[in-house]
Structure formats: C-alpha cells, structure tokens
Amino acid sequence: DALSATDWATTSNMVVRVTGSVAAMGITAGTTVGVISYANCAHQYLSDSQSIAAVLGPKGDSVSATILHFHCNSTYTRGMYLSILTTGATLGYFTGALGSRTYTPLSGGTLTKAMSSGTRVEVRDSGTNTYAILVNGIPSLTVNDPGAHAVAGDFYAQITETSRTVIYNPG
C-alpha cells in the first residue's frame with residue numbers, strides 16, 4: 001500500500017513522498033547533522049497484538065539506525081522499539097522523551113544479519129510479551145520479555161531517524 005502523508009499525525013524533519021509507484025519516508029534534505037527526525041503515526045493499534053515493519057531504502061547504514069517505536073503511550077515516553085541497521089536489528093524497550101531516551105535491549109533481542117536496500121524488517125508482538133522479528137517475511141528471532149515492559153493499552157507508534165554526515169568515497 002502507498003505510504004500516505006495523512007497517515008502521520010506529526011512529523012519533524014521527515015518527508016513522505018511517492019516517486020513513481022514507490023512510497024518512502026526519510027529525513028528532509030538539509031536537516032542539520034545529529035538531529036533526530038520523527039513521524040508519529042496518526043492511527044492507533046486496536047489491541048496489544050501489534051506489528052510494525054519497514055523496508056530499508058538505498059541510504060540505510062550501519063551507524064545511524066531507523067528506530068520503530070511501538071506499544072507507545074500517547075506522549076511517546078515509554079514503549080517498545082526495534083532499531084534497524086544494515087548489520088541487523090535490536091529489540092528492546094525505551095523510556096524518556098525524544099532526544100533524552102534510554103534504550104534498553106532485551107536479553108537475546110539482537111539479530112545479527114546483513115540487510116540491504118529492499119529488505120523488509122518486521123516485529124510482531126503476540127500481546128503476551130513474546131516478540132518475533134521477521135526479515136523478508138521469514139521468522140529470524142523470537143524474544144521473550146519476562147519484565148513485561150509493554151504496557152497493556154499503549155497503542156501508539158512512532159518512527160525516528162537521526163541525520164549524520166556520510167563521506168562518499170567512490171573508490
């Protein structure tokens with residue numbers, strides 16, 4: 001499905017665009033290095049069984065992660081997260097406001113796997129504190145959260161990306 005700009009209630013330094021038939025979200029050109037850009041989803045989940053996914057674009061890297069926040073409260077100060085890099089993904093929980101968050105990986109929540117443009121990464125929450133990370137639709141890791149960090153009834157989602165300078169060396 002196309003990624004519609006109306007699906008995002010608030011954004012900061014993020015742009016949603018469709019080029020041809022490809023919908024994409026990314027950091028706005030000219031954003032200052034080190035700025036955390038975000039998009040808050042305009043839709044709420046209807047239950048504690050939640051999933052969120054992203055398809056990596058051609059600009060993914062191994063330093064600045066795209067972070068999918070789910071099972072968030074309405075102020076986005078607590079919830080679960082999936083941090084995605086080209087070298088893998090990490091599942092955990094977070095607390096704190098944007099810019100001063102504490103991210104805590106779950107035990108066994110790190111997937112080491114090379115990911116490139118076009119890779120679809122998804123996390124599914126069964127609603128019982130058991131999560132599955134899927135890569136291109138294939139289950140790659142199952143993680144349990146005995147601390148039950150996802151709060152029942154927290155139905156919001158947010159995506160963040162951090163801009164950085166990349167030195168291009170064509171070889």
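Two salt bridges turn up in this model, which is a predicted one. One of them pairs the side chains of Glu 122 and Arg 120, with N and O 2.8 Å apart. The other links Arg 124 to Glu 122, and here the closest N and O atoms sit 3.0 Å from each other. Because these bridges share partners, Arg 120, Glu 122 and Arg 124 end up in one network. As for exposure, Glu 122 is buried, at 6% relative accessible area. Arg 120 is partly exposed at 35%, and Arg 124 is partly exposed too, at 42%.

Next comes Asp 125, a residue of strand S10. Asp 125 is buried, and its relative accessible area is just 5%. Its side chain makes a polar contact of 3.1 Å with the side chain of His 71. In sequence Asp 125 and His 71 are 54 residues apart, while their C-alpha atoms are 9.0 Å apart in space.

Then there is the nonpolar interior. The largest nonpolar core counts 21 residues, and Leu 82, Ile 84, Leu 91, Met 115 and Val 123 have the most contacts inside it. Several strands give two or more residues to this core, including S5 (51-55), S7 (78-85), S9 (102-112) and S10 (120-125). Another core, with six residues, lies apart from it; Ala 65, Ile 67, Tyr 76 and Tyr 81 are among its members.

Val 123 gives a closer view of the contacts. Setting aside neighbours within four places in sequence, Val 123 touches Gln 50, Ser 51, Ile 52, Phe 70, Leu 82, Leu 91, Tyr 131, Ala 132 and Ile 133.

Note on methods: Residues numbered from 1 in each chain as written. Predicted model: local features only at pLDDT ≥ 70, side-chain atom pairs only at ≥ 80, totals over all residues. Heavy atoms only, no water. Core = buried A, V, L, I, M, F, W, Y, C linked by side-chain atoms within 4.5 Å. Buried < 20%, exposed > 50% of the residue type's maximum accessible area, 1.4 Å probe, protein only. Helix = DSSP H or I, 4+ residues; strand = E, 2+ residues; numbered from the N terminus. Contact = heavy atoms within 4.5 Å. Polar contact = N/O pair within 3.5 Å; in protein donor to acceptor, adjacent residues only side chain to side chain. Salt bridge = Lys/Arg side-chain N within 4 Å of Asp/Glu carboxyl O.
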